Amino acid sequence: MGISLQDYQTTLKSRATLTGIGVHSGNTVTIHFLPADADAGIVFHLIDDDQPVREFRALVSEVGATDLCTMLGDPAGQHIATVEHLMAAVLGLGIDNMVVEIDGREVPILDGSSIEFVEAIDQAGIEVLPVKRRFIRILKPVRIESGASWAEFRPYSGTRFEIEIDFESPAIGRQGFATDLTADVFRSEIARARTFGFMKDVERLWAAGYALGSSLDNSLVIGDDHRVINVGGLRYPNEFARHKTLDAMGDLALAGVRFIGCFRSYRGGHRLNATALRRLLSDRAAFEVVEATRRGRAGEMSAISAPVYAPWTI
Ligand SMILES: [Zn+2]
């Protein structure tokens, strides 16, 4: 069955602040979350040394790189890296409009999951705005393949994710996670799933000047003996698949509005997620923009022809 879709847009009631280090840069950054008007979407304000404040809209059309994380802007110039865990919380809790002020080029990694973003949003509170929320409703399957990996959107009555991964290492192996997205499910089943990596890869990344902030405090790390090194082990039995679900939620939040449909992927990642979303948005016959009907039953949607902050209008 589909989820019950909230009909109106939201923003924050007040502001909240977080400080932490970027997992790739190792730099300390402070991030402020502020309320925004209806139809503003999620907008990052980069306060970068002496430069004028630069705006980045949280849209797939602004994505400049998907190599180790999802980055908005220019990898060689001004950008904001590692937006995905924050954007997962935005989608998970249903925040439509927010300004994210950040004084460095990378969103802090915190504990490697979305839980501290959830707590910050809870602290600020959620305000419902008197403007209808828009959705992208998937009308026909859209599928992309890359080697053994694939991703697809399919029509579905709610917002659903079915994510499967398959790693050679027996520490992960083949595992999946599937769920309809609701705020409760996000909080209890997904938000605490941490990013992960292999010790051998981390060492190589360190040597190349990446992952400088990476540690056991913010990543699940698998050692050469195929065991999880972290004291305390896993937070969920299939934490890896749940984190990949979290990543997919964050990447697909860059549609600018929530989709009504099922997203499935096998051996996915940030690049596959962004490519699938771009493919969907480039096929105008594959989706329609909908909002709640004026006098409709709960969850009833009708197509509209006036998208405001979705990427295909930019
Ligand atoms: Zn991640």
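Let's walk through this structure from its zinc site to its sheet and its salt bridges. The model is predicted, so local features need pLDDT of at least 70 and side-chain atom pairs count only at pLDDT 80 or more, while totals for chains, interfaces and linings use all residues. Residues are numbered from 1 along each chain as its sequence is written, and side-chain values use heavy atoms, with hydrogens and water left out.

We begin at the metal. The zinc ion takes its protein donors from His-85 (NE2), His-243 (NE2) and Asp-247 (OD, listed twice), at 2.1 to 2.7 Å; donors are N, O and S atoms within 2.8 Å of the metal (3.2 Å for Na, K and Ca), and since water is not among the atoms, sites may look incomplete. The arrangement is irregular because the 4 donor atoms subtend angles of 52 to 149°; four donors would count as tetrahedral if all angles lay between 85 and 135 degrees, or as square planar if opposite donors were over 155 degrees apart and all others between 65 and 115. His-85 lies in helix 1 (residues 84-93) and Asp-247 in helix 5 (residues 239-252), so the pair ties together parts 162 residues apart in sequence. Helices (H or I, at least four residues) and strands (E, at least two) are DSSP runs, numbered from the N terminus. Both His-85 and Asp-247 are buried, that is, under 20% relative accessible area, with exposed meaning over 50% and partly exposed in between (1.4 Å probe, protein chains only).

Now to the sheet. It is open and mixed, with 5 strands in the order 2-3-9-4-5; strands pair if DSSP finds at least two bridges between them. Strand 2 (16-21) and strand 5 (54-57) each have a single partner strand, so one side of each is left without a neighbour in the sheet. Strand 4 (residues 42-46) runs antiparallel to strand 5, joined to it by 4 bridges, and Val-43 has Arg-57 in strand 5 as its bridge partner.

Finally, the salt bridges: the whole structure holds 20, each a side-chain nitrogen of Lys or Arg within 4 Å of a carboxyl oxygen of Asp or Glu. In one of them, the closest N and O atoms of Arg-242 and Glu-189 are 2.8 Å apart. Arg-242 lies in helix 5 and Glu-189 in helix 3 (residues 183-190), so this pair ties together parts 53 residues apart in sequence. Arg-242 is buried at 10% relative accessible area, whereas Glu-189 is partly exposed at 31%.

Definitions and conventions
Four donors count as tetrahedral if all angles lie between 85 and 135 degrees; four count as square planar and six as octahedral if opposite donors are over 155 degrees apart and all others between 65 and 115; anything else is irregular.
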